[in-house]
Amino acid sequence: MIKSVILDLDGTVYEGSRLINGADIAIAEMRDKGIKVIFCTNNSSRPVIDISNKLNSMGIDCNEEDVVSSAFLAIRYAVDNRLEKVYFCGSDRMKDEFMRNDIDLCKPEECRNLIIGMDTEYDYKKMTYGVRAALKAKNIIICNEDRLYPTEDGMMPGCGAMVSSILSVTQKKYDIILGKPGTAMMSFISKKYGFRPEEMMVIGDTETSDVAMANAYGSPSLLVGKDIRSLADSPHKL
Ligand SMILES: [Mg+2]
């Protein structure tokens with residue numbers, strides 16, 4: 001029996017600032033069936049409060065607790081493991097969140113733990129700092145390695161563009177991936193709510209990310225565009 005839906009956002013619930021037709025109704029129907037809906041996104045440029053505010057502004061009831069992102073897990077990981085000498089290569093908005101959580105941020109040259117998240121302002125200077133940090137780092141943690149993500153203007157390069165630029169020139173590999181298709185987000189939700197893998201249905205639009213995560217965790221999944229036409233079709237499949 002499905003107790004929870006782990007719902008992808010970009011390309012499944014919205015595209016940029018546009019709500020996908022029927023997504024709000026489908027989510028309300030799932031909740032009416034007593035299913036816990038958790039929004040699960042590889043987004044690593046903004047804190048979860050921004051994401052829940054965006055969903056509320058689109059007419060989808062949501063609080064911070066209902067959203068799990070790869071950036072949220074990056075903070076949890078740094079706090080839980082008491083990471084020292086962290087260099088965060090990512091957005092200013094997320095850097096503020098790292099500071100608010102008292103994470104020991106350092107200069108690239110002092111880095112022991114490099115964390116890479118999405119930054120739409122990423123440029124040559126930021127790449128240089130990321131590379132310097134990677135050369136020193138003992139541990140490289142990435143939010144995700146997504147190549148592309150959809151917006152209302154078309155496709156944009158994802159966090160994977162930043163990850164590849166830093167890792168390819170330093171000839172290093174990452175140690176930990178927090179986002180999809182890794183299963184860290186599934187484990188977090190499972191532990192928090194006590195759901196078993198088979199009780200958690202993943203719904204998303206990307207086979208290599210959403211479905212791959214579900215398969216790796218032993219959970220069922222619905223792929224938008226293949227198993228269902230859109231999220232609006234999902235409630236009767238649960
Ligand atoms: Mg998606």
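**Helix H4 and the five-strand sheet**

Okay, let's start just past a helix: H4 is followed by aspartate 102, and the phi of that aspartate is positive, near 55°. Keep in mind that this is a predicted model.

Now back up into the helix itself. H4 covers residues 92-100, and which of its residues are buried? They're Met94, Glu97 and Phe98. Look down the axis of H4 and those buried residues fall within an arc of 100°, so they line one face of the helix. If you want the textbook reasoning, an α-helix has 3.6 residues a turn, so residues three or four places apart point the same way.

Spin H4 around to its other side and you get the exposed ones: Asp92, Asp96, Met99 and Arg100. And what covers the buried residues of H4? The cover includes helix H3, residues 70-80, plus strand S6, residues 86-89.

Right, on to the sheet. There's an open sheet made of five strands, paired in parallel, and the order across is S5-S4-S1-S12-S13. At the edges sit S5, residues 67-69, and S13, residues 221-223, each of them pairing on one side only. Going from strand to neighbouring strand in this sheet, the turn is 20° on average, ignoring direction.

Let me zoom in on the S5 end. S4, which runs over residues 36-41, pairs with S5 through three bridges in the parallel sense. If you'd like a spot to click on, go to cysteine 40: what stands opposite in S5? That's valine 68.

So, two things to look at on the screen: the H4 face with Met94, Glu97 and Phe98 buried, and the open sheet with S5 and S13 as its edge strands.

Terms used: Residues are numbered from 1 along each chain as its sequence is written. This is a predicted model: local features need pLDDT of at least 70, side-chain atom pairs count only at pLDDT 80 or more; totals for chains, interfaces and linings use all residues. A residue is buried if 20 or more other C-beta atoms lie within 10 Å of its own, exposed if 12 or fewer, and partly exposed in between; C-beta atoms are placed from the backbone. Helices (H or I, at least four residues) and strands (E, at least two) are DSSP runs, numbered from the N terminus. The arc is that of the directions from the helix axis to the C-beta atoms. Two residues are in contact if their C-beta atoms, placed from the backbone, lie within 7 Å. Two strands pair if DSSP finds at least two bridges between them. Axes are lines fitted to C-alpha atoms, for helices over the stretch in contact, and angles run from 0 to 180 degrees between N-to-C directions.
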